[in-house]
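User: I would like to go through this structure as a series of questions, with the reasoning set out in each reply.

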Amino acid sequence: QVQLVESGGGLVQAGGYLRLSCAASGSIVSINAMGWYRQAPGKQRELVATIIDGGRTNYADSVKGRFTVSRDNAKNTVYLQMNSLRPEDTAVYYCNAKIVTIQAIHLQQNYWGQGTQVTVSS
């Protein structure tokens, strides 16, 4: 029904930058919140940043001032610009979206991307 496809991960040195993208496709009626979570080895998945349809954003304290989340509603795509990267930002980054589909028009469902690896070397 719905796919979230991420791109943009990779290996970067501390202080560098990366830009993640996540495009949603399928039988989409509307998308409310979109955002990014991450999971480092041995740790629980944690929120990085979210953006709702109206444009309001929310960030984890650890990334405020360094990361920027944005979305292109026409393309059903969410972005994460990551600047001043630190080794502790190393994790698998997952895209998340809360989507209403044609098949379940009265239900908002939670979808996840497959994850993209971000590795920051010191």
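**Fold, sheet, core and selected residues**

Analyst: The protein contains 0 helices and 11 strands, where helices (H or I, at least four residues) and strands (E, at least two) are DSSP runs numbered from the N terminus. This is a predicted model, in which local features need pLDDT of at least 70 and side-chain atom pairs count only at pLDDT 80 or more, whereas totals for chains, interfaces and linings use all residues. Residues are numbered from 1 along each chain as its sequence is written, and side-chain values use heavy atoms, with hydrogens and water left out.

User: What is the radius of gyration of the protein, and what does the globule rule give for 122 residues?
Analyst: The radius is taken over C-alpha atoms, and the globule rule is 2.2 Å times the number of residues to the power 0.38. The C-alpha atoms fill a box of roughly 45 × 25 × 25 Å along the principal axes. The protein is as compact as a globular protein of that length, because its radius of gyration is close to the rule: 14 Å, against 14 Å from the rule.

User: What percentage of the contacts with a separation of 6 or more is accounted for by residues 24 or more positions apart?
Analyst: A contact here means heavy atoms within 4.5 Å. Among contacts with a separation of 6 or more, the share from residues 24 or more positions apart is 56%.

User: In what order do the 4 strands of the open sheet stand?
Analyst: Two strands pair if DSSP finds at least two bridges between them, and the pairing in this sheet is antiparallel. β1 (2-7) and β7 (67-72) each have a single partner strand, so they stand at the edges with one side left without a neighbour in the sheet. The twist averages 15° from one strand to the next, with axes being lines fitted to C-alpha atoms, for helices over the stretch in contact, and angles running from 0 to 180 degrees between N-to-C directions. The order is β1-β3-β8-β7.

User: Which residue in β8 is the bridge partner of R71?
Analyst: β7 and β8 (residues 77-82) run antiparallel and are joined by 6 bridges. In β8, R71 has as its bridge partner V78.

User: Which element gives the most residues to the largest nonpolar core?
Analyst: Such a core is a set of buried Ala, Val, Leu, Ile, Met, Phe, Trp, Tyr and Cys residues joined through side-chain atoms within 4.5 Å; buried means under 20% relative accessible area, exposed over 50%, and partly exposed in between (1.4 Å probe, protein chains only). The largest core has 32 residues, of which W36, L80, M82, Y93 and I99 touch the most other members. Elements giving two or more residues include β3 (18-26), β4 (28-39) and β11 (116-121). With 5 residues, the element that gives the most is β9.

User: How many residues apart are C22 and C95 along the chain?
Analyst: The whole structure has 1 disulfide, a disulfide being a pair of cysteine sulfur atoms within 2.5 Å. It joins C22 to C95 with an S to S distance of 2.1 Å, and both cysteines are buried. The link is left-handed, with -80° about the S-S bond. C22 in strand β3 and C95 in strand β9 belong to distant parts of the chain, and their separation is 73 residues.

User: Is T101 buried or exposed?
Analyst: T101 is found in strand β9 (residues 91-101). Leaving aside neighbours within four places in sequence, T101 contacts Q1, V2, S27, V29, Q109 and Y111. Because its relative accessibility is 0%, T101 counts as buried.

User: Is L11 buried or exposed?
Analyst: L11 is found in strand β2 (residues 10-13). Not counting residues up to four places away in sequence, L11 touches T119 and S121. The C-alpha atoms of L11 and T119 are separated by 4.7 Å, although the two residues are 108 apart along the chain. With a relative accessible area of 65%, L11 is exposed.

User: What distance separates the C-alpha atoms of Q114 and R66?
Analyst: Q114 is placed in the loop between β10 (104-112) and β11. Beyond neighbours within four places in sequence, Q114 is in contact with L4, V5, E6 and Y94. Q114 and R66 are 48 residues apart along the chain, and their C-alpha atoms are separated by 24 Å.
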